[in-house]
Number of protein chains: 2
Amino acid sequence: MPTYKVSYFTFSGLGEPVRYTAAYCNVDFIDNRVTWEEWSKLKSTTPLGQMPILEIDGKVYHQSIPICRYLGNKFNLTGDNAEEIYEVDVAAETVNELRGKVGMWAYSCKREKNEKYEELIKKTIPSYLSKLDEQAGKNGGFLAIKDKITWADCFATGVLEYINSLVDLDVLVDYKNLQKVRENVVSSEGVKKYLKNRPAEGENPFKTW
Amino acid sequence: MPTYKVSYFTFSGLGEPVRYTAAYCNVDFIDNRVTWEEWSKLKSTTPLGQMPILEIDGKVYHQSIPICRYLGNKFNLTGDNAEEIYEVDVAAETVNELRGKVGMWAYSCKREKNEKYEELIKKTIPSYLSKLDEQAGKNGGFLAIKDKITWADCFATGVLEYINSLVDLDVLVDYKNLQKVRENVVSSEGVKKYLKNRPAEGENPFKTW
């Protein structure tokens, strides 16, 4: 059995999608939660000075979406043809685009955060989630492919949890189909095991309030 | 033969990677350059109120990276296994991350642009390009796979042209291996034909100076 190690900060962030995907794949990974002291030494050894990093027997994989897609390809959590693979990709990309927008808000200055809060909560987030929810509805509780789980579902579950931590809300409260996506991920054997042992969420020092 | 149509604004932007990839695949696509008047009507009909859009016999594909990957999968411009596919993905993702950073700078206010110009030109851009150049050197002038062109090369060529238009420089001037990547893309029959007929770059109204 190869040794898998996922390295990321002690909070959810962009590490959580990788942790969820690896857990769903029943990969018994080392959950390496990196403190700031450790990170100052580790940073220069990573490909772009960033985490998450997945190591498999020492070989380094970086960037959250490519890591999750790699695991998806390896463990058959993807589409069967170019059309299906596109659906998986575009679902993950759309979730990631929303993450980028929430992140920009969360990491901006207090004045800007106050000014833009209402637009974020009442317009930006619902405009993405309503479309993703509709799609998950059509697919029976899966984001990309009808009645089939893919890495996009695992990725989305991790990203949406990160988004929740940034806005201090459960953004899925009005989206029943996206709740089903989350449920399909967290009820799997691998993820149940991961969540049982998961350390408490650490502080995200990038968050401005 | 199915009808392909690529819709994007009249400037390079995120449309150019799709145009390059489609052209490389020898897809004889309708190059639909959308004016602002047309966009105001078209916007609400797109999946996320965004372009580029690829239509194949009317079926809509959106988001630049997923579209390029879809074309890459369809026309065999990708890796042969999970390891190679990861290399293609992470190369494209890294180029796209740089694009995001240059875009944030280019679309910020004048004061901020002035303040951050030197950091962008002397630190951010070289930190990404030097790594990508090193990789392209190892791969014989290809970004992801040794001696093999993939959609990541086409995507990168389009994105780097967009970046050039944002900073009004040729950012590749010091990066011989990335120049080879570009050369490998633009010297193909399909791209030569595309470039021969390409309209002049339109104004990018998002650019703040």
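Copies are superposed by least squares on the C-alpha atoms of residues with pLDDT of at least 70 in both. Keep that in mind for the first stop. The model on screen is predicted.

**Stop 1: both chains**

Show chain A and chain B as traces. Lay chain A on chain B: a turn of 180° and a shift of 0.0 Å along the axis do it, with an RMSD of 0.0 Å. That is the relation of a two-fold axis. The same surface serves both copies, and 97% of the contact residues of chain A recur in chain B.

**Stop 2: the interface**

Now select the residues where the chains touch. On one side, 29 residues of chain A are in contact; on the other, 28 residues of chain B. The size of an interface is often given as the accessible area lost when the parts come together. Between chain A and chain B, about 2,500 Å² is buried. Carbon and sulfur atoms give 53% of that area.

Which residues of chain A lose the most area to chain B? Pick A:E83, A:Y86 and A:E93; together they account for 22% of what that side buries.

**Stop 3: A:D89 and its partners**

Stay at the interface and turn to charged pairs. Four salt bridges are found across the interface of chain A and chain B. Select A:D89 and B:R69. They form a salt bridge, with the closest N and O atoms 3.1 Å apart.

Add A:R69 to the selection. A:R69 also forms a salt bridge with A:D89, and here the closest N and O atoms are 2.9 Å apart. A:R69 sits in helix α3 of chain A and A:D89 in helix α4 (residues 82-106) of chain A, so this pair ties together parts that are 20 residues apart in sequence. Over all chains, the structure holds 32 salt bridges.

**Stop 4: α1 against α3**

Follow helix α3 (residues 64-74) of chain A, and bring up helix α1 (residues 15-24) of chain A as well. Two packed helices are described by the angle between their axes and the distance between the axes. For α1 and α3 of chain A the angle is about 5°, and the axes are 9 Å apart. That makes α1(A) roughly parallel to α3(A); angles under 35 degrees count as such.

Show side chains here. From α1(A), select A:P17, A:V18, A:T21 and A:A22. They meet A:S64, A:I67, A:C68 and A:L71 in α3(A). Nonpolar, polar or charged: how do the residues of this contact divide? Six are nonpolar, two are polar and none is charged.

**Stop 5: backbone angles**

Most residues other than glycine have a negative phi, and most peptide bonds are trans. The next selections depart from that pattern.

- Select A:M51 and A:P52. A cis peptide bond joins them, with omega about 10°. A:P52 is in the loop between α2 (36-42) and β3 (53-56) of chain A.
- Select B:M51 and B:P52. A cis peptide bond joins this pair too, with omega about 5°. B:P52 lies in the loop between α2 (36-42) and β3 (53-56) of chain B.
- Select A:D168. Its phi is positive, about 55°, although A:D168 is not a glycine. Look for A:D168 in the loop between α6 (151-167) and α7 (176-186) of chain A.

Note on methods. Residues numbered from 1 in each chain as written. Chains lettered and ligands numbered in written order. Predicted model: local features only at pLDDT ≥ 70, side-chain atom pairs only at ≥ 80, totals over all residues. Heavy atoms only, no water. Axes fitted to C-alpha atoms, helices over the stretch in contact; angles between N-to-C directions. Helix = DSSP H or I, 4+ residues; strand = E, 2+ residues; numbered from the N terminus. Parallel < 35°, antiparallel > 145°, perpendicular 65-115°, else oblique. Contact = heavy atoms within 4.5 Å. Nonpolar A, V, L, I, M, F, W, Y, C, P; charged D, E, K, R; others polar. Buried area = accessible area lost by both parts, 1.4 Å probe. Salt bridge = Lys/Arg side-chain N within 4 Å of Asp/Glu carboxyl O.
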